[in-house]
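Me: Could you walk me closely through one part of this model, starting with a helix and what it lies on? After that, please carry on to whatever else you can describe.

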Number of protein chains: 2
Amino acid sequence: MAGRVTIAQVAEEAGVSAMTVSNVISGKPGASDETRRRVLEVAAKLGYRPNQAARNLKTGRSGLVGLIALDLTNQYGLEILRGVADELAGAEQELLVNASYHDAGREKDRIEFLAGGLVDGLLLIAPVLEDETIELLRRRKLPCVVIDPRRLDVPLPRITVDNYHGMRQGTQHLIDLGHTRIAYLRGGEDLESTSIRFRGFQDAMRLAGLEVAEELVATCDFTYASGFRTAGRLISEHRPTALVAGADLLALGAIDAARSCGLTVPNDFSFVGFDDLPQAAQSFPGLTTVRQPLHDMGQKAALALLSLIEGQKLLMEHMELGTELIIRNSTAAPPA
Amino acid sequence: MAGRVTIAQVAEEAGVSAMTVSNVISGKPGASDETRRRVLEVAAKLGYRPNQAARNLKTGRSGLVGLIALDLTNQYGLEILRGVADELAGAEQELLVNASYHDAGREKDRIEFLAGGLVDGLLLIAPVLEDETIELLRRRKLPCVVIDPRRLDVPLPRITVDNYHGMRQGTQHLIDLGHTRIAYLRGGEDLESTSIRFRGFQDAMRLAGLEVAEELVATCDFTYASGFRTAGRLISEHRPTALVAGADLLALGAIDAARSCGLTVPNDFSFVGFDDLPQAAQSFPGLTTVRQPLHDMGQKAALALLSLIEGQKLLMEHMELGTELIIRNSTAAPPA
DNA sequence: CTGTTAGCGCGTTCAG
DNA sequence: CTGAACGCGCTAACAG
């Protein structure tokens, strides 16, 4: 119940038809400059604001894009979200953010709800995407782009990063510094990217003629606490000189674990993360990490979704973005 | 163009009128159990989903609540956001999140846009709120609740925390531990809460018979980097034994600054923050801090907004929530 | 360049 | 308890 003034009132006051007002307001052609000026003037005077609901009903569009993130507080998703928001700011679409809280049921619920007509398109960040949910999306014909899917083969337009080469490069950096006993912290096992990153690590090691000691590899959740605990065990029991983590949060937890063991970073121990979250730069020492272009992923995903919404065909169903090694101060040569 | 099926089709298939279908779907009385059952069955079979746009047009509601945060990546706002989201999950309202990026112009733009009919109500986190914007909100009669306003006297329903006693308690904790040379890091000067917190610090000091040395007080932005820089100077030039920060982010930066000066925390130096962001617990050592009930603030704000949307009068225009000192491991007695 | 006609899909009168 | 008609405010299509 925001704008009481209707298009009809403006039309009457300006002495034109409602159609003309509509055209002027939406910036369509087909209205002389003089008419346009008068309509705009009257609209301003009356304080006319188009009624979104009526417009939506007529056009069959809501002007809303849905985004389903895992969790509203993880920086990984939020960096992507920022990219999305930046891209959408140009288009006339607002962003409706939802979280699945890592729960497949809730994810399906939210998708079903949003796909029920609330949004014009959907962006999914690292979703579980059960087959049934995919089927739902296809049946509804809802434009949808997946960012960083858990399984690479989801039959939907998707954006991923080059996890393999990123991790290989990060590992190589430690090898180049002279490390040989390098530990590895795997992220969540339900993501295909976890295996791919690990393969990058393994290959880098193998190609350097180094052994991947089984006791130096451990798996944890994507949390600081999990990284702290798991790395603490790894470090105190097996004494590697460096550690590569499948995510920045894990690396940050691992660094604090090393500290709590009395080690100093990077003199006694080196760490490499993966993601380049804001925290990676805002920590002491700065974290050397493999950068995922999160903001860019968000932008590209939003752009692709917008063209899907406009009814255009996508140039590619799958887009893979590159990674980049960011060297900060958490890595150095191993102690002598 | 999500659900093709209309209420009319369901009505025909079920052999009743549209009216009845509408009543059944919206859970209104006035339909026999038998009819209700059949309608529901047919609706499910046909895959009927009510068209939001049509419903909105008719009811004059959008089912959307707008939230304007400062920045999509700061944890402070996100904790509040989580509270809001949790409360809204129960009501049938979706959340439309926007950011002002600390820009008054953009803030006004966004408010004006959302208030243009897109949302049923608005939640504002620490907004600038120029007079003109407040005027706009009043004119449009848009339900609105402000969380943590920059000026305490905004003429809108608002939720704040007890900054004064919180900070007094945090400071007292250091005094009790035996600290006397305590530095203070002020947050952004455009917030009234910055002065209030400082007054809490001053009073705690004064009441303990301690001097607030001018050179031990400095002002910075609400960022880690600013805390790092400013505290670094304070610590190296004036050698206090403890520091109180007007925000956790500042304290976290300050701790790293101390570390980069070769000090260990808390043995050489103690730190107290304010906020209790997730990072405060997820750092090493854990940060002793004054907890703001951010999640609760979000919930309470959402609840108040919902009742405003329902057209009910608010019990109180201003609600102030308490704070709580959370003692972790960043504080200890001063070095001997 | 402008006006007319006809709904979009729903909820809300009223009668029955 | 149910049905028929109307209209919310806007815009697509066409006519003028």
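Reply: Helix α10 (residues 224–238) of chain A lies across four strands of chain A, namely β6 (182–186), β7, β8 (242–245) and β9 (270–275). Its direction makes about 155 degrees with that of β6(A). Axes here are lines fitted to C-alpha atoms, for helices over the stretch in contact, and angles run from 0 to 180 degrees between N-to-C directions. Contact means heavy atoms within 4.5 Å, while helices (H or I, at least four residues) and strands (E, at least two) are DSSP runs numbered from the N terminus.

Before going on, a word on the model itself. It is predicted, so local features need pLDDT of at least 70 and side-chain atom pairs count only at pLDDT 80 or more, whereas totals for chains, interfaces and linings use all residues. Residues are numbered from 1 along each chain as its sequence is written, chains are lettered from A and ligands numbered from 1 in the order in which they are written, and side-chain values use heavy atoms, with hydrogens and water left out.

Now to the sheet under that helix. In chain A, six strands make an open sheet with mixed pairing, in the order β7-β6-β8-β9-β10-β12; two strands pair if DSSP finds at least two bridges between them. At its edges stand β7 (217–219) and β12 (324–326) of chain A, each paired on one side only. On average, neighbouring strands of this sheet are turned by 20 degrees against each other, direction ignored. Towards the β12(A) edge, strand β10 (residues 288–291) of chain A runs antiparallel to β12(A), and three bridges join the two. Within that pairing, Val290(A) has Leu325(A) as its bridge partner in β12(A).

Chain B can be followed in a similar order. Six strands of chain B form an open sheet, β7-β6-β8-β9-β10-β12, and the pairing is mixed. The edge strands are β7 (217–219) and β12 (324–326) of chain B, each with a single partner strand, so one side of each is left without a neighbour in the sheet. At the β7(B) edge, strand β6 (residues 182–186) of chain B pairs with β7(B) in the parallel sense over three bridges, and Tyr184(B) has Val217(B) as its bridge partner there. Helix α9 (residues 192–207) of chain B packs on this sheet, touching β6, β7, β8 (242–245) and β9 (270–275) of chain B at about 170 degrees to β6(B). Helix α10 (residues 224–238) of chain B lies across β6, β7, β8 and β9 of chain B, at about 155 degrees to β6(B).

Back in chain A, there is a helix pair to look at. Helix α6 (residues 104–118) and helix α7 (residues 131–140) of chain A pack at about 5 degrees, with their axes 10 Å apart. α6(A) and α7(A) are therefore roughly parallel to each other, a label used for angles under 35 degrees, with over 145 being roughly antiparallel, 65 to 115 roughly perpendicular and the rest oblique. Their contact includes Ile111(A) and Ala115(A) of α6(A) as well as Leu136(A) and Leu137(A) of α7(A). By class, the contact has four nonpolar, two polar and four charged residues. Ala, Val, Leu, Ile, Met, Phe, Trp, Tyr, Cys and Pro count as nonpolar, Asp, Glu, Lys and Arg as charged, and the others, Gly among them, as polar.

Finally, the DNA. Around strand D there are 24 residues, of which Ile7(A), Ser22(A), Tyr48(A), Arg55(A) and Ser17(B) come nearest; a residue is near a molecule or strand if one of its heavy atoms lies within 4 Å of it. Phosphate oxygens of DNA strand D are approached by a polar backbone atom of Ile7(A) at 2.4 Å and by a polar side-chain atom of Arg55(A) at 2.7 Å. Such a polar contact is a pair of N or O atoms within 3.5 Å; within protein, one must be able to donate a hydrogen and the other to accept it, and residues adjacent in sequence count only if both atoms are side-chain atoms. The largest share of the surface near DNA strand D, four residues, comes from α4(A). For DNA strand C, α4(B) gives the most, with four residues. A polar side-chain atom of Lys58(A) lies 2.8 Å from a base nitrogen of DNA strand C, and a backbone N or O atom of Asn51(B) is 3.1 Å from a phosphate oxygen of DNA strand C.
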